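Welcome, and thanks for taking a look. Please have the model open beside you while you read this short briefing.

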Number of protein chains: 2
Amino acid sequence: MARASQTEIAVLGGLSIQPMTGYALREAIREVLGHFWSESYGQIYPTLANLEQQGFVRRQDAAQARGSTFAITPAGIRHLEELLAQPVQATPPRNGLLLRLYFGRHLGPAACRTLVQAMLTEAQDALERYARIRAEVEGQDSGDRDYWLLTVSAGEHSARAAQAWAHEALSTLTELDDMAGT
Amino acid sequence: MARASQTEIAVLGGLSIQPMTGYALREAIREVLGHFWSESYGQIYPTLANLEQQGFVRRQDAAQARGSTFAITPAGIRHLEELLAQPVQATPPRNGLLLRLYFGRHLGPAACRTLVQAMLTEAQDALERYARIRAEVEGQDSGDRDYWLLTVSAGEHSARAAQAWAHEALSTLTELDDMAGT
DNA sequence: GTCATCATGTAAACCGTTACATGATTGT
DNA sequence: ACAATCATGTAACGGTTTACATGATGAC
């Protein structure tokens, strides 16, 4: 069942926007897709080599000063379209915060509050990042724009939900703490 | 950096609620923690063997009819508390839906709508499941009750956010489709 | 009697990160 | 000159799933 690694989507997709070195690709994935995707060098370089061998990407500028810039080929575009059309493979959920909270009785309300508080701060940082990204994306005029905004909006909805839940959880935990104290 | 596997938390935590066989443990994790955690047999059995060797769990009822029921020991409880106190290790994000949507221009609005629609259905199913779980948990009187409700609430917030975003995304994608049609 | 479920375990494969090695280029 | 960054790769490790093998028990 040759499960096409989703890494190929990220790599080909990135190169479909503009040619890049492997290093730049990783930076782009970290900075632009960072809130819903990640790749490490250990994935990117072998994948690039693999894609090159299959003719889906090629190195351009033979006399490169530093590194080699990879560009997607027409066959690569077609391959990307095929990969995108494959059903989203659901990754089994693993939320370390909720796992700890579920067994929170062993941890105590105060320690739980600390965990939730940290998560709340993260959600707020995320919202600020999204605001910056949104402003940047809205300012440009590309065929990708509306799709990119869709992913920003997903992040915003999710972060606001996390924020609302965290506030609720903090007050519940405070109550639990007060009851234990009396 | 002996990264304590979070599987131990799930296993010890499960046994802290009641003694169980490995099989029952897996079922419990699937059914009860299913919306934020998962474990496979390949993890559970070796972990149980390992925990037994360290004296954190023991097999009870020597003359068992089927399988052996594992119970957590006092040392196991202490170990669980230590594990719970360890910082939540953030897993790198990997959202296959958003990855596809980001490169949605290559996929087209109609195919994107199908993906979002599938996700919307999932969110609605999830909300129904949460309603059932909530009713069940609210009906009981355990020291764990409020912690469990916290995790249910997290699921509800997240599912409602997904729902709201999906509706928004569907109308955006419909507009994109109409513009392409004219 | 036979089918579904309960139960235990293992081996192989996969996916992915981390850490390391190496060196060129640029800025100061 | 030196540090920071750009750049490419690989090896080792670790966690996790999947598939398989095996068999007991209970329901019908």
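How many nonpolar, polar and charged residues does the surface near DNA strand D have? There are 4 nonpolar, 11 polar and 4 charged residues on that surface. Keep in mind that this is a predicted model. The points below start with the DNA, then turn to the two protein copies and finally to a pocket.

**Around DNA strand D**

- The strand has 19 residues around it, and those that come nearest are A:Tyr23, A:Ser68, A:Arg94, B:Ser40 and B:Gln43.
- On the DNA side, 67% of the atoms of DNA strand D that come within 4 Å of the protein belong to sugar and phosphate.
- B:Ser40, one of the nearest residues, places a polar side-chain atom 2.8 Å from a phosphate oxygen of the strand.
- A:Tyr45 also uses its side chain: one of its polar atoms lies 3.0 Å from a phosphate oxygen of DNA strand D.
- A:Gly22 takes part through its backbone, with an N or O atom 3.0 Å from a phosphate oxygen of DNA strand D.
- In chain A, helix 2 (22-32) and helix 3 (41-53) each give two or more residues to the surface near DNA strand D, and helix 3 (41-53) of chain B does so too.

**How the two copies are related**

- A turn of 180 degrees, with a shift of 0.0 Å along the axis, lays chain B on chain A with an RMSD of 0.0 Å.
- The two copies are therefore related as by a two-fold rotation axis.
- Both copies use the same surface, since 100% of the contact residues of chain B recur in chain A.

**The second largest pocket**

- This pocket holds about 400 Å³ of space.
- Its lining is made of 20 residues, and A:Ala28, A:Val32, A:Leu33, A:Trp148 and B:Tyr102 lie nearest the centre.
- By class, the lining residues of the second largest pocket are 13 nonpolar, 5 polar and 2 charged.
- Four helices of chain A supply at least two lining residues each: helix 1 (6-17), helix 2, helix 6 (109-138) and helix 7 (145-181).
- Which element gives the largest share of this lining? Helix 2 of chain A does, with 5 residues.
- Helix 2 of chain A thus appears in two places in this briefing, at the surface near DNA strand D and in the lining of the second largest pocket.

Technical notes:
Residues are numbered from 1 along each chain as its sequence is written. Chains are lettered from A and ligands numbered from 1 in the order in which they are written. This is a predicted model: local features need pLDDT of at least 70, side-chain atom pairs count only at pLDDT 80 or more; totals for chains, interfaces and linings use all residues. Side-chain values use heavy atoms; hydrogens and water are left out. Copies are superposed by least squares on the C-alpha atoms of residues with pLDDT of at least 70 in both. Contact means heavy atoms within 4.5 Å. A residue is near a molecule or strand if one of its heavy atoms lies within 4 Å of it. A polar contact is a pair of N or O atoms within 3.5 Å; within protein, one must be able to donate a hydrogen and the other to accept it, and residues adjacent in sequence count only if both atoms are side-chain atoms. Ala, Val, Leu, Ile, Met, Phe, Trp, Tyr, Cys and Pro count as nonpolar, Asp, Glu, Lys and Arg as charged, and the others, Gly among them, as polar. On a 1 Å grid over the protein atoms alone, a cavity is a set of points where a 1.4 Å probe fits but cannot get out, and a pocket is an open set with protein on both sides within 12 Å along at least five of seven lines; lining residues have an atom within 4 Å of a point. Grid points are joined across faces, edges and corners, and a volume is the space filled by probe spheres set on the points.
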